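Here is a set of short exercises to work through with the model open beside you. Try each task before you read its solution.

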Amino acid sequence: MKLEKILKGVDIAEQTADTGMEIGELKYDSRQVQNGDVFVAITGYETDGHKYIGKAIELGASAIVLEHVPEGGISVPYIRVDSSRRALAQMAANYFDHPADSMTMVGITGTNGKTTTTYLLKTILEAQGHTVGLIGTNQNMIGDEILPTERTTPESFELHKLFAQMRDAGCTHVIMEVSSHSLVLDRVYGIEFTVGAFTNLTQDHLDFHKTMEAYRDAKALLFHQSKTGVTNLDDAAGKFMLEQKACPFLSYGEHEACDLRAADIQLHADSIGFVCESAEGKTEVKLGIPGQFTVYNALCALSCAKALGVSVADAADALHKAHGVKGRVEVVPTNTDYTVLIDYAHSPDGVENVLEAARVFTKGRVIGLFGCGGDRDRTKRPKMGAIAAKLSDYCIVTSDNPRTEKPEAIIEDILEGMKDTKTPYDVIVNRPEAIWHALDIAQTGDTIVLMGKGHETYQEINHVKHHLDEREVVAQYFENKNHK
Ligand SMILES: CC(=O)N[C@H]1[C@@H](OP(=O)(O)OP(=O)(O)OC[C@H]2O[C@@H](n3ccc(=O)[nH]c3=O)[C@H](O)[C@@H]2O)O[C@H](CO)[C@@H](O)[C@@H]1O[C@H](C)C(=O)N[C@@H](C)C(=O)N[C@H](CCC(=O)O)C(=O)O
Ligand SMILES: Nc1ncnc2c1ncn2[C@@H]1O[C@H](COP(=O)(O)OP(=O)(O)OP(=O)(O)O)[C@@H](O)[C@H]1O
Ligand SMILES: N[C@H](CCC[C@H](N)C(=O)O)C(=O)O
Ligand SMILES: [Mg+2]
């Protein structure tokens, strides 16, 4: 590929490269560079890509995209830009021939509910006969094919590469989770979303965004690159999105004059039901995932579908057949007279919602088991502790991806929020042992809610992911018990 093709549309401040030159691939990590590649130096949070320009040249980089020229200059041509992240996103789109432009793009943002909503919408669009690509926390998908992922929203280069795979596989639609990190870090820069949707805003990721306002503003960026917005009017930040008037909106909720409104809500042990009132009239909606929040995820998916031209009736019909999502209020088979749930609640709001959902159908005690992630927002820890203690009858505090922090120190932060609780609790640092303890104490009618890991099948400690699948931990408990 010629350099000029890959640089099309990039905002260039200065360049010394001959744009007619042939280049290899596009790389933003010096360790991946091969002969002839263009290396994009990114100023990061952990380190600075500009420090590795020499290394990239040693490995054969033929041109460098950079924000500032290192002292002493460099021995290969360079292209200086104001923002390397934006340049990378534009160049990635060029490199893969703008795959996003030939598909209908849907982006979903918000603190909770993104993953669940993307799956619901995928089900709806597939029922319309579309081939759908999905990008998100659990996995990426092309139709039924599963592609593993490391991130909720990948880096721009990987994103456009995925879009190209999806386009080549005949996808007509892409539904993706758009994390606040990805909006701030320009991973989705330049993508035009046919529909951008907002679920809700509650505390998370303050290690990165610092304030709730900055976090909200990051989410709001999505609507500056969306043709139509979908927003939750029962959420204060959802109203804020609408008020910014960055694009026309379709609204959903329970209490306000929303375009799609849920009435007559029914919460069951394994499902929800409601009547969706819209310009189309009243439509019965039933979905086999429990929890009040499922009503919102269903409304969000129905609204996105509506914005894409699918009638509420057709969309609701498809939702009747929708499956649950791995690790989201997932029931673990145990063959006992108590219930074990695996859920991805990892914020104060998520914990509150899933414990309230469990309360609705639990006849005995709600036993809440959780930890908090290391190297993530520390201020959410005591809040998660307080809310878990308030809404559980028994708590087990354990570990959840300590990463580079000491698990005991994370637990100390959680316990700060549980100082005054009367709810009995145990601290068991080792998560499998904690789960076995929960199973040991469970009685008839209880519900054990395993929070935070969801679909994850690992425990990340000091950059190493150790295998840990909660489904297997539960199964092993019963195998052991039967052999005793
Ligand atoms: C805060 C954050 O999101 N950071 C991301 C960001 O890192 P960064 O800009 O700080 O990069 P850095 O490590 O300082 O390195 C700077 C540059 O030097 C390069 N480098 C580095 C070393 C070297 O030897 N050579 C070299 O060229 C790096 O490739 C990079 O381009 O860009 C990197 C490259 O894409 C990402 O790997 C990294 O994600 C980190 C690992 C991360 O954990 N991100 C999480 C928090 C995240 O993004 N989460 C969201 C939401 C989660 C959810 O709620 O679902 C997500 O979308 O997944
Ligand atoms: N609409 C919602 N409102 C509040 N809580 C929700 C909602 N939907 C799901 N939850 C709770 O939040 C957890 C995470 O849900 P989900 O994975 O769908 O969200 P997400 O936005 O994709 O999260 P992440 O930011 O980690 O990707 C669920 O396991 C559940 O406990
Ligand atoms: N994807 C989110 C949630 C992870 C949930 C929990 N398992 C944790 O590690 O905190 C994150 O990386 O912050
Ligand atoms: Mg997600």
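The exercises below go from the domains to the ligands, the annotated positions, the core and two backbone details.

Before you start, note that this is a predicted model, in which local features need pLDDT of at least 70, side-chain atom pairs count only at pLDDT 80 or more, and totals for chains, interfaces and linings use all residues. Residues are numbered from 1 along each chain as its sequence is written, while chains are lettered from A and ligands numbered from 1 in the order in which they are written.

**Exercise 1. Find the domains and describe how domain 1 meets domain 2.**

Step 1. Begin with the bounds: the assignment gives domain 1 (3-95), domain 2 (99-319) and domain 3 (330-483). Such bounds come from an automatic or database domain assignment.

Step 2. Place the pair: 34 Å separates the C-alpha centres of domain 1 and domain 2.

Step 3. Look at the contacts (C-beta atoms, placed from the backbone, within 7 Å). Here 11 residues of domain 1 are in contact with eight residues of domain 2. Helix H3 (residues 84-95) gives the largest share of the domain 1 side, eight residues. Helices (H or I, at least four residues) and strands (E, at least two) are DSSP runs, numbered from the N terminus.

Step 4. Sort that side by class: seven residues are nonpolar, two polar and two charged. In this scheme Ala, Val, Leu, Ile, Met, Phe, Trp, Tyr, Cys and Pro count as nonpolar, Asp, Glu, Lys and Arg as charged, and the others, Gly among them, as polar.

**Exercise 2. Work out which residues and domains surround ligand 1 and ligand 2.**

Step 1. Take ligand 1, where a residue is near if its C-beta atom, placed from the backbone, lies within 6 Å. Of the 21 residues around ligand 1, those that come nearest are Gly 44, Tyr 45, Glu 46, Thr 152 and Ser 179. The shell has six nonpolar, 10 polar and five charged residues, and domain 1 and domain 2 each provide at least three residues.

Step 2. Move to ligand 2, which has 23 residues around it, with Asn 112, Gly 113, Lys 114, Thr 115 and Phe 293 coming nearest. Helix H12 (348-361) supplies at least two residues of this shell, as do helix H4 (114-127) and H10. The largest share, four residues, comes from H12.

Step 3. Locate ligand 2 among the domains: domain 2 and domain 3 both give residues to its shell, so it lies between them.

**Exercise 3. Describe the class make-up of the shell around ligand 3.**

Step 1. List the residues: they are Thr 137, Thr 152, His 346, Gly 373, Arg 376, Asp 400, Asn 401, Gly 452, Lys 453 and Glu 456.

Step 2. Sort them: six are polar, four are charged and no residue is nonpolar.

**Exercise 4. Do the UniProt "binding site" positions gather at one spot or spread out, and where do Ser 30 and Thr 153 sit?**

Step 1. Read the record: the unreviewed UniProt entry places "binding site" at Ser 30, Thr 152, Thr 153, Ser 179 and Arg 187. UniProt positions follow the numbering used here, feature names are shortened, and annotations may be inferred rather than shown by experiment.

Step 2. Check the spread: these positions span 158 residues in sequence and their farthest two C-alpha atoms are 25.3 Å apart, so they do not all gather at one spot.

Step 3. Find Ser 30 in the loop between strand E2 (26-27) and strand E3 (38-40). Ser 30 counts as buried because it has 20 C-beta neighbours inside 10 Å. (Buried means 20 or more other C-beta atoms within 10 Å, exposed 12 or fewer, partly exposed in between, with C-beta atoms placed from the backbone.)

Step 4. Find Thr 153 in the loop between strand E9 (145-147) and helix H5 (156-168). With 25 C-beta neighbours inside 10 Å, Thr 153 is buried too. Leaving aside residues up to four places away in sequence, Thr 153 touches residues including Ser 179 and Arg 187.

**Exercise 5. Identify the residues with the most contacts inside the largest nonpolar core.**

Step 1. Use this meaning of core: buried Ala, Val, Leu, Ile, Met, Phe, Trp, Tyr and Cys residues joined through C-beta atoms within 7 Å.

Step 2. The largest core has 145 residues, and Cys 304, Leu 369 and Val 449 have the most contacts inside it. Helix H10 (residues 292-307) contributes the largest share, 11 residues.

Step 3. Not counting residues up to four places away in sequence, Cys 304 touches Val 106, Leu 121, Val 195, Ala 197 and Val 230.

**Exercise 6. Are Asp 97 and Asp 186 buried or partly exposed?**

Step 1. Asp 97, whose phi is positive and near 70 degrees, lies in the loop between H3 and strand E6 (104-109). Its 14 C-beta neighbours inside 10 Å make Asp 97 partly exposed.

Step 2. Asp 186 has a positive phi of about 60 degrees although it is not a glycine. With 20 C-beta neighbours inside 10 Å, Asp 186 is buried.

Conventions
Two residues are in contact if their C-beta atoms, placed from the backbone, lie within 7 Å.
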